[in-house]
Amino acid sequence: MADPKAKEKAKKQIPLRVSASLYNELAQWAEDDFRSINGQIEYLLTECVRYRKKSGMDKMHNI
């Protein structure tokens, strides 16, 4: 029997295009934090979502 939450936890792939300069900045930041570029992007997005939820901004946009 499959875990119903396992599907939720599965990683999704998305195409992402960024400028060369942004890529270089992310690559350096990822190296500084000992992460892959993909890992760094995922970390940054997760932190942004957490901040948005914590600050209540997600509720403000639903009004």
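What span should the 13 residues of helix 2 have at 1.5 Å a residue, and how far apart are its end C-alpha atoms? The expected span of helix 2 is 18 Å, and the end C-alpha atoms are 18 Å apart, so the two values agree. The model in which this helix sits is a predicted one.

The rest of the chain can be read around that helix. The secondary structure consists of four helices and zero strands, and from the N terminus on the order of elements is α-α-α-α. Helix 3 passes the check on span as well: its 19 residues should cover 27 Å at 1.5 Å a residue, which agrees with the 27 Å between its end C-alpha atoms. The chain has 63 residues, of which 6% count as buried. Its exposed area comes to about 6200 Å², with 58% of that supplied by carbon and sulfur atoms.

The ends of helices 2 and 3 show some backbone detail. Helix 2 is followed by Phe34, which has a positive phi. Most residues other than glycine have a negative phi, and most peptide bonds are trans. Phe34 is a residue other than glycine, yet its phi is near 60°. Phe34 is placed in the loop between helix 2 and helix 3, and with a relative accessible area of 78% it is exposed, because the cut-off for that class is over 50%. Just after helix 3 comes Gly56, where phi is again positive, at about 80°.

Next to consider is a residue of helix 3. Gln40 lies in this helix, which covers residues 37-55. Is Gln40 buried or exposed? Its relative accessibility is 0%, so Gln40 counts as buried, a class that takes in values under 20%. Leaving out residues up to four places away in sequence, Gln40 touches Leu26, Trp29, Ala30, Asp33 and Arg35. With one of these, Arg35, there is a polar contact between side chains, at 3.1 Å.

Arg35 also takes part in a salt bridge. Its partner is Asp33, and the closest N and O atoms of the pair are 3.1 Å apart. Arg35 has a relative accessible area of 31% and is therefore partly exposed; Asp33 is partly exposed too, at 32%. Both residues of this salt bridge are among the contacts of Gln40.

How many salt bridges does a search of the whole structure find? There are three. Side chains of opposite charge can pair when their charged atoms come close. Besides the pair of Arg35 and Asp33, there is a salt bridge between the side chains of Lys11 and Glu42, with an N to O distance of 2.7 Å. Lys11 belongs to the loop between helix 1 and helix 2, whereas Glu42 belongs to helix 3, so this pair ties together parts that are 31 residues apart in sequence. Lys11 is exposed, at 63% relative accessible area, while Glu42, at 35%, is partly exposed.

Another salt bridge joins Glu47 and Arg50, whose closest N and O atoms are 2.7 Å apart. Here both partners lie in helix 3, three residues apart, which is about one turn of the helix. An α-helix has 3.6 residues a turn, so residues three or four places apart point the same way. Glu47 has a relative accessibility of 30% and counts as partly exposed; Arg50, at 52%, counts as exposed.

The surface also has a nonpolar part to examine. Leu16, Val18, Leu22 and Tyr23 make a nonpolar surface patch of about 360 Å². Of these, Val18 is found in the loop between helix 1 (4-9) and helix 2 (20-32). Val18 has a relative accessibility of 35% and therefore counts as partly exposed. The loop that holds Val18 is also where Lys11 lies.

Definitions and conventions. Residues numbered from 1 in each chain as written. Predicted model: local features only at pLDDT ≥ 70, side-chain atom pairs only at ≥ 80, totals over all residues. Heavy atoms only, no water. Helix = DSSP H or I, 4+ residues; strand = E, 2+ residues; numbered from the N terminus. Buried < 20%, exposed > 50% of the residue type's maximum accessible area, 1.4 Å probe, protein only. Polar contact = N/O pair within 3.5 Å; in protein donor to acceptor, adjacent residues only side chain to side chain. Contact = heavy atoms within 4.5 Å. Patch = residues over 30% accessible without salt bridge, like charges linked within 9 Å, V, L, I, M, F, W, Y side chains within 5 Å. Areas by Shrake-Rupley, 256 points an atom, 1.4 Å probe, with all protein chains shown as cover. Salt bridge = Lys/Arg side-chain N within 4 Å of Asp/Glu carboxyl O. Expected span 1.5 Å × (residues − 1).
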